[in-house]
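Ready for some practice at reading a protein model? Work through the exercises below at your own pace, trying each task before you read its solution.

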Amino acid sequence: MAGKTAAKKPEGRNSGGDADLLAFYRDMLLIRRFEERAGQLYGMGLIGGFCHLYIGQEAIAVGVEHARAKGDQVITAYRDHGHMLAAGMDPRGVMAELTGRAGGSSRGKGGSMHMFSPETGFYGGHGIVGAQVSLGTGLALANRNMGNGAVTFCYFGDGAANQGQVYESFNMAELWRLPIVFVIENNQYAMGTSIERASAETHLYKRGASFLIPGEEVDGMDVEIVAAAAKKAAAHARSGTGPYILEMKTYRYRGHSMSDPAKYRTREEVDEVRKTRDPIDHLAEHLEKQGVREDALKIIDAEVKAIVAEAVEFAKASPEPDPRELYTDVYGA
Amino acid sequence: MSQDILMPALSPTMEEGTLAKWLVKPGDAVRSGDVIAEIETDKATMEVEAVDEGKVEALLVDAGTEKVKVGTVIARLSGGASFETPAAPAPQDDVKPEPAPKVDHAERDALPPKRHPEEGAPAPVSKDDFPTGAKLTKTSVRDALRDAMAEEMRADPRVFLMGEEVAQYQGAYKVSRGLLEEFGDKRVIDTPITEHGFAGAGVGAAMAGLRPIVEFMTWNFAMQAIDQIINSAAKTRYMSGGQISVPIVFRGPNGAAARVAAQHSQDYASWYAHVPGLKVVVPYDAADAKGLLKSAIRDPNPVVFLEHEMLYGQEFDVPEGEWLVPIGKARVRRTGKDVTITAYSRMVGLALQAAEVLAGEGIEAEVIDLRTLRPLDSATIIDSVKKTHRIVAVEEGWAPMGVGAEIIARVIEGAFDWLDAPPARVSQEDVPMPYAANLEALSLPSVDKIVKAGKAVCYRS
């Protein structure tokens, strides 16, 4: 398996202390640069199949991660690279999984949509829209039954928000007072269908109302706001009072997957968001206003670039899985 | 003119019950709909209502009597002489009104009091593989399953049960009786009617390190949850490169129930046995039900455990104490040299009866109880066919792309040169399950159909 040494988070990041804005900047930039390189490798034919990029949504995975305590779990759907990096998974293992190599996080058997890392609390990486919501509810049920004080952060998108099992899960989570935060990443397009065309109620934070689950809308393009909201929601869930819903208003810059020409929206719409709401630019400006010198950010840029370059090299150099791997991991003994 | 009140049956498998209480006494006048008695079975209690008006002439069975056979005359009513509504039609001599059981539980469970025509007495079981000297106790399949869960829950605090009506109601089929009381509501969890959601929640809890038992009220309802069973439970170990285990048991009654028609009567064995990553267990008798369920709960993989409603009430010998049956091992229930018959779940009983009939005609059948469909114990089947040179594969489900098709394919792959006749299948007819009693019986595998197939492969008519 890929080395587990790289990309360790700075000490104290997960302790619920004050937000470290430079760490936020670094983590968001790592996701951005990682995803850009993944897109390039896809174009070069080194990554196959489906590849859903997280570019534009980085503030959510990074901000929510700030609220996560040791033992808390994360589970999401298939647009998962950002969550894995934020959770502390090795970028080399993630990239090598994208290229389908032996050094990949799932030893080349899962691909972009199916990676797991119990040691960092990341429980996938699920390819069926909405399935992770029931699964996440089960992680939270286990937390409750084991009395371990852990909270589950369960992500899903505006598309999944219309799946039936989401509401089955809402009902059970509130009924059993499960420690779970439902994080809805509303990037406004379920593949090619805008939320207005698919949802009778477009304010997704209200979707828990008939189950008595509190919810709020959050600016998902501002990592500090995301972090503060996630801390509040996590405290609610951890206190034993039940689940909490955060609707993160966000935007994905790229198509649904690499094969999506994104004809359902205009170039101008995308450019407008990039220009005015980009989470990384926004934080950089804020840091500079606070007196952080441009040099300091440039040093981080260079560090991140090096990590991603190393991940790409690893992912290219790692051999394909041994043919014998075909038959392993079907059953456990 | 008097009419008999008969001991009613509450479910297809009920043969006898306790007459708990009389609510009337001789001389009382009763009207249609009045509750006259309370009946108890191992599964539920119910009230017996008068279906006609009249006067109680005699109570023929004392309150508190146990093991009153279904159909026994328990009371006699006189015609409606004492009532002021002489217009009410008097009961016809040739009609025997049966008391309408007022069932005190879920509609899904309130099945008509009929058994399949083929359902004879439980077939005798060879005790070959019981430990020598073990004390054997007659136990219903229902209680054997409960005992397996209770023992494993005592031994491992990670094991818990969730599903519809499993806790306070004690199980729609009373399989989880007593578990809530012993283990509390965190380990015996009543779920909403939410198959998709709670199956997924069970898988998530397994990923987190617990060992859930997810009960489906019947496997028909698991169709709502099949995505979680296959896409999440079966595939995650592989997709994670071995990092995530999903040690979960999905269990509940599968196959044909009685007179509930197409949506509540289907054998899903081949559906799940198709999927790598799942284990599929199909016990017949109580000892296997217990021993295999205990093995399933301890297994680190997702196990689909297919029970049979028609077997729940049947009693078999179960050895006392710790009793495990390994997953993946078939059992030869009857040896014979002329034809191999494979069967699983309720079909094993029919196959054993068919073997008796065939023996009467000079054909010695070897009956293999498959017990597990995935992994399938091909070696036992192939060894048998090399001896008998003939095979009949019996399944309760549809034949196309089915369990019999797979077994025959393996026999052809592994024992082609030993076959003396084309293999045969006995299965449900290729139609949705009909409701009408005669059509339902025609649709299902039967002793007669198995006998015919056995003779056909022996070129006997």
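**Exercise 1. Following a residue across strands**

Task: Find which residue stands opposite B:T18 in β4(B), then find what stands opposite that partner in β5(B).

Solution. Keep in mind as you go that this is a predicted model.
Step 1: Start at B:T18, whose opposite number in β4(B) is B:E40.
Step 2: Look at the strands around this pair. Strand β2 (residues 16–22) of chain B and strand β4 (residues 35–40) of chain B run antiparallel and are joined by four bridges.
Step 3: Go on from B:E40, which stands opposite B:T45 in β5(B).
Step 4: Check the second pairing. β4(B) pairs with strand β5 (residues 45–49) of chain B over five bridges, in the antiparallel sense.

**Exercise 2. A residue in strand β4**

Task: Decide whether B:I39 is buried or exposed, and list what it touches beyond its neighbours within four places in sequence.

Solution.
Step 1: Locate the residue: B:I39 lies in strand β4 of chain B.
Step 2: Residues under 20% relative accessible area are buried. B:I39 has 0% relative accessibility, so it counts as buried.
Step 3: Set aside the neighbours within four places in sequence; the contacts of B:I39 are then B:M7, B:P8, B:M14, B:T18, B:L19, B:A20, B:A44, B:T45, B:M46 and B:V48.
Step 4: Now compare sequence with space. B:I39 and B:I74 are 35 residues apart in sequence, and their C-alpha atoms are 11 Å apart.
Step 5: Widen the view to the chain. Of the 461 residues in chain B, 59% are buried. Among contacts in chain B with a separation of 6 or more, 78% are between residues 24 or more positions apart.

**Exercise 3. An open sheet**

Task: Work out which strands stand at the edges of the four-stranded open sheet in chain B.

Solution.
Step 1: Write down the order of the strands, β1-β8-β6-β3, with antiparallel pairing.
Step 2: Read off the ends. β1 (2–6) and β3 (29–30) of chain B each have a single partner strand, so one side of each has no neighbour in the sheet.
Step 3: Look inside the sheet, where strand β6 (residues 54–59) of chain B and strand β8 (residues 73–78) of chain B are joined by four bridges. Here B:L59 has B:A75 in β8(B) as its bridge partner.
Step 4: Place the sheet in its setting: chain B has 12 helices and 23 strands.

**Exercise 4. Salt bridges and their surroundings**

Task: Compare how exposed the two partners are in the salt bridge of B:R298 and B:E152, then do the same for B:D338 and B:K337.

Solution.
Step 1: The side chains of B:R298 and B:E152 meet at 2.8 Å, N to O. This pair links distant parts of the chain, with B:R298 in helix α7 (residues 286–298) of chain B and B:E152 in helix α1 (residues 141–155) of chain B, 146 residues apart.
Step 2: B:R298 is partly exposed at 38% relative accessible area, whereas B:E152 is buried at 4%.
Step 3: Both residues belong to a network of salt bridges that links B:E151, B:E152, B:K290, B:K294, B:R298 and B:E322.
Step 4: In the salt bridge of B:D338 with B:K337, the closest N and O atoms are 3.1 Å apart. B:D338 is buried at 17%, while B:K337 is exposed at 54%.
Step 5: For a pair in chain A, take A:D295 and A:R293, whose salt bridge spans 2.9 Å, N to O. A:D295 is partly exposed at 43%, and A:R293 is exposed at 58%.

**Exercise 5. Where the chains meet**

Task: Describe the contact between chain A and chain B: how many residues take part, and how much area is buried?

Solution.
Step 1: Count the residues: 40 from chain A and 42 from chain B.
Step 2: Take the area. The two chains bury about 3200 Å² between them, 65% of it on carbon and sulfur atoms. A:F116, A:L135 and A:Y331 supply 19% of the area that chain A buries against chain B, more than any other three residues.
Step 3: Check for polar links. There are 17 residue pairs in polar contact across the interface, but zero salt bridges between chain A and chain B. Over all chains, the count of salt bridges is 54.

Note on methods:
Residues numbered from 1 in each chain as written. Chains lettered and ligands numbered in written order. Predicted model: local features only at pLDDT ≥ 70, side-chain atom pairs only at ≥ 80, totals over all residues. Heavy atoms only, no water. Contact = heavy atoms within 4.5 Å. Buried area = accessible area lost by both parts, 1.4 Å probe. Salt bridge = Lys/Arg side-chain N within 4 Å of Asp/Glu carboxyl O. Polar contact = N/O pair within 3.5 Å; in protein donor to acceptor, adjacent residues only side chain to side chain. Buried < 20%, exposed > 50% of the residue type's maximum accessible area, 1.4 Å probe, protein only. Helix = DSSP H or I, 4+ residues; strand = E, 2+ residues; numbered from the N terminus. Pairing = 2+ DSSP bridges.
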